[in-house]
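This report introduces selected features of the structure shown below. It treats contacts between chains, the relation between copies, and one helix.

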Protein chains: 4
Amino acid sequence: MQNAKLLPQYLVSRYTGWRATTFAENQAWYTRLAEDGQRPRAMVISCCDSRVHVTSIFGADTGEFFIHRNIANLVPPYTPDGKQHGTSAAVEYAVNALKVSHLIIMGHTKCGGVAGCHAMCSGQAPDLEEDSSFVGRWMDILRPGYDRVADLPAPEQVPALEREAVMISLENLMGFPFVREAVEAGRLTLHGLIHDIGDGTLFQLDGSNGKFQPV
Amino acid sequence: MQNAKLLPQYLVSRYTGWRATTFAENQAWYTRLAEDGQRPRAMVISCCDSRVHVTSIFGADTGEFFIHRNIANLVPPYTPDGKQHGTSAAVEYAVNALKVSHLIIMGHTKCGGVAGCHAMCSGQAPDLEEDSSFVGRWMDILRPGYDRVADLPAPEQVPALEREAVMISLENLMGFPFVREAVEAGRLTLHGLIHDIGDGTLFQLDGSNGKFQPV
Amino acid sequence: MQNAKLLPQYLVSRYTGWRATTFAENQAWYTRLAEDGQRPRAMVISCCDSRVHVTSIFGADTGEFFIHRNIANLVPPYTPDGKQHGTSAAVEYAVNALKVSHLIIMGHTKCGGVAGCHAMCSGQAPDLEEDSSFVGRWMDILRPGYDRVADLPAPEQVPALEREAVMISLENLMGFPFVREAVEAGRLTLHGLIHDIGDGTLFQLDGSNGKFQPV
Amino acid sequence: MQNAKLLPQYLVSRYTGWRATTFAENQAWYTRLAEDGQRPRAMVISCCDSRVHVTSIFGADTGEFFIHRNIANLVPPYTPDGKQHGTSAAVEYAVNALKVSHLIIMGHTKCGGVAGCHAMCSGQAPDLEEDSSFVGRWMDILRPGYDRVADLPAPEQVPALEREAVMISLENLMGFPFVREAVEAGRLTLHGLIHDIGDGTLFQLDGSNGKFQPV
């Protein structure tokens, strides 16, 4: 790969600093993790957004969370068609191979992907409707959510769609036979969160009433 | 979603601690990020593995890195077929919408996905060959790499395949027209890394000789 | 300007080395910064002293810190008299135009400016009392601090005055209406540091008890 | 100062990493610098802009450059009126106390301060004309430069004014008796540079013909 460039110096400096401190302080644990393998207790599905750091929010140690991050923290419907499904592969590995106990969908406010989906579904972003738009086709997963928010007052639609991104993902998860089986056997619990990136509030979905409430 | 459960208490406790400390220390910056949007300087594609924490290694502040995480840090070939491609959507959003300057593939040692691919390609994991195996089909992306390592001595094959996961992803990236265009215009540089999770070493791919060398 | 000389060769050599390496590694990001403008998250007010390198200490990338440096890292009182106030202009630009989230006063040990102020205020440097002494008049900003340390045992006075340089600057900052407003609105946080240039320790002012403590 | 907050954690992490690496590797030199004082060979006057890092460009070690940074790298006229002049104090300290051999004015492209001055002088920024505008009053130093560029074609005016910021500062420096004396005695040389922050080019002013030329 002749296009691969060396790292910028400030990242090298930060890495060598990390190795001399955080790594050195935790070396025994890192060695153990390398030798015995990971044993995370939860899988988190979060957005790629640079403003969402689930390991920071939950003070996660190395080895605690198996984390998949994609645009808008979405899980597509179960589709075992022999094609490449990165999110479904991550869920399968977490539940079947790692046997995580929790699966957390971590949504967030001000999500660019959700805003793009809203623009697309309301006819304001024809480019996203093209077959060649990877973002548009990915956000199709959230399209059923748009129908459920389209009658709300305009300013409430995008925040409601952010909640739909979490709820539809949880619904799609239950369509995976191995997820449903683990949930019904009490080996796995599902959780839905939304993080307000500006004021820091964390909302969680209460399955008993279908509402997001502050933690 | 009646299956959504409330968070376990230890996560609630950590979150409330985070909000009283890290969030409080950074509130002004988080407010700004929420209001003005993110402007990350790099996209990182990393593995879901719980033992790989790129933000820690690089001392990254909230807002610095746009991070996609999937099994084995893979980028599939460019396939604009109107289907759902989560990784391709993330790359498209990072390069075209966020205009990141660096795109870093962050591989790691002891990767369960790579080991699975090796088992599958060497005939030791027939389950992974099933159409219904999401992990198997996802790891097909790395199958061309297996052919390049199959003649190595046995103990060298899996580590070599971990390097292939980085190199094939970089090659596939260059197949995306918008990535190639940004690289050729000098607006984007690509980087390939492998993190040894046990001893902390960071290797980087030097495009001038095609070798991974310690940073 | 007929007095302008060409750079000495060793600086030319270093620059050409920088351009071939650091610049080349970061070219995409530098181009972006030039085209889209800076968006630093913090302003740092530091001393001109050649022994204080805040970007090194904090692993800062280009674009992270907006840095003003003057003798003894001082902020004068708010004086909107239509005259030239370079420090006040820098603060105004950082807070109002760039909307930085953090404003850090970075003091240091062995500060020549602080030592000069101490000599002047204790009657040992009459030259610095002259109207024509720019250094003396600049250090007048710190004069109120001398009164607060004059009763300490002699060896403690200069170090205490170094801390006063940070605290008086923070107090003066709060006298700028736009700073106060941003702080009170939660858009800006203030920080006071002292760097021991010899042993590398970094002290930070804890507003809750008014003491400098090691980080 | 009850408003002083503790540092955000990512800065603490980077600092501890720096101390364990860069500081530890250079401890002997840092101790010497602390005990024997600084002896910089050059003073640099640079902009506060987060995109201009003179220590990086010139690979400067701790102790090499005495650096003053203000908005638009300006030196005001010599005005010994007993008022606070931070830039003049820094120049006086560098030339008279530290006896630097070089004094470098480091301008740069895309300077927000210069652009503001151009807007003000061409009547497009009445706010900057207010007595209460610290930025406006500071940029008055460059006002004489505007008259020299006002007849150029529009797109050339701001770049020309960036060059004026360097030339006027050099002229003003020669108005300081102690600078003139040091220059005429051959103890000090003056240098004028402009750094193109996007493409990395460094231009230097050639006093023999008054032109800026690439290094």
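## The interface of chains B and D

In this predicted model, about 480 Å² of area is buried between chain B and chain D, and carbon and sulfur atoms give 47% of that area. On the side of chain B, the residues that lose the most area to chain D are B:Glu25, B:Gly59 and B:Asp61, which together account for 71% of what that side buries. The contact involves six residues of chain B and six residues of chain D.

One salt bridge is found across the interface of chain B and chain D. B:Glu64 forms a salt bridge with D:Arg14, with the closest N and O atoms 3.0 Å apart. The residues of chain B that touch chain D comprise one nonpolar, two polar and three charged. Three residue pairs are in polar contact between chain B and chain D.

## The relation of chains A and B

A turn of 180° with a shift of 0.0 Å along the axis lays chain B on chain A with an RMSD of 0.1 Å. This is the relation of a two-fold axis. Within chain B, B:Arg69 comes closest to the rotation axis, its C-alpha lying at 2.4 Å.

Because 99% of the interface residues of chain B are also interface residues in chain A, the copies meet through the same surface.

## Helix α5 of chain D

Helix α5 of chain D spans residues 112–121; eight of its 10 residues are buried, so the helix is largely enclosed by the rest of the structure. Among the buried residues are D:Val114, D:His118 and D:Met120. The buried residues of α5(D) pack against α3 (86–97) of chain C and against α6 (134–139), α7 (143–149) and α8 (154–174) of chain D.

After α5(D) comes D:Gly123, which has a positive phi near 80°.

Technical notes. Residues are numbered from 1 along each chain as its sequence is written. Chains are lettered from A and ligands numbered from 1 in the order in which they are written. This is a predicted model: local features need pLDDT of at least 70, side-chain atom pairs count only at pLDDT 80 or more; totals for chains, interfaces and linings use all residues. Side-chain values use heavy atoms; hydrogens and water are left out. Copies are superposed by least squares on the C-alpha atoms of residues with pLDDT of at least 70 in both. Contact means heavy atoms within 4.5 Å. Buried means under 20% relative accessible area, exposed over 50%, partly exposed in between (1.4 Å probe, protein chains only). Helices (H or I, at least four residues) and strands (E, at least two) are DSSP runs, numbered from the N terminus. Buried area is the accessible area (1.4 Å probe) that two parts lose on being put together, summed over both. A salt bridge is a side-chain nitrogen of Lys or Arg within 4 Å of a carboxyl oxygen of Asp or Glu. A polar contact is a pair of N or O atoms within 3.5 Å; within protein, one must be able to donate a hydrogen and the other to accept it, and residues adjacent in sequence count only if both atoms are side-chain atoms. Ala, Val, Leu, Ile, Met, Phe, Trp, Tyr, Cys and Pro count as nonpolar, Asp, Glu, Lys and Arg as charged, and the others, Gly among them, as polar.
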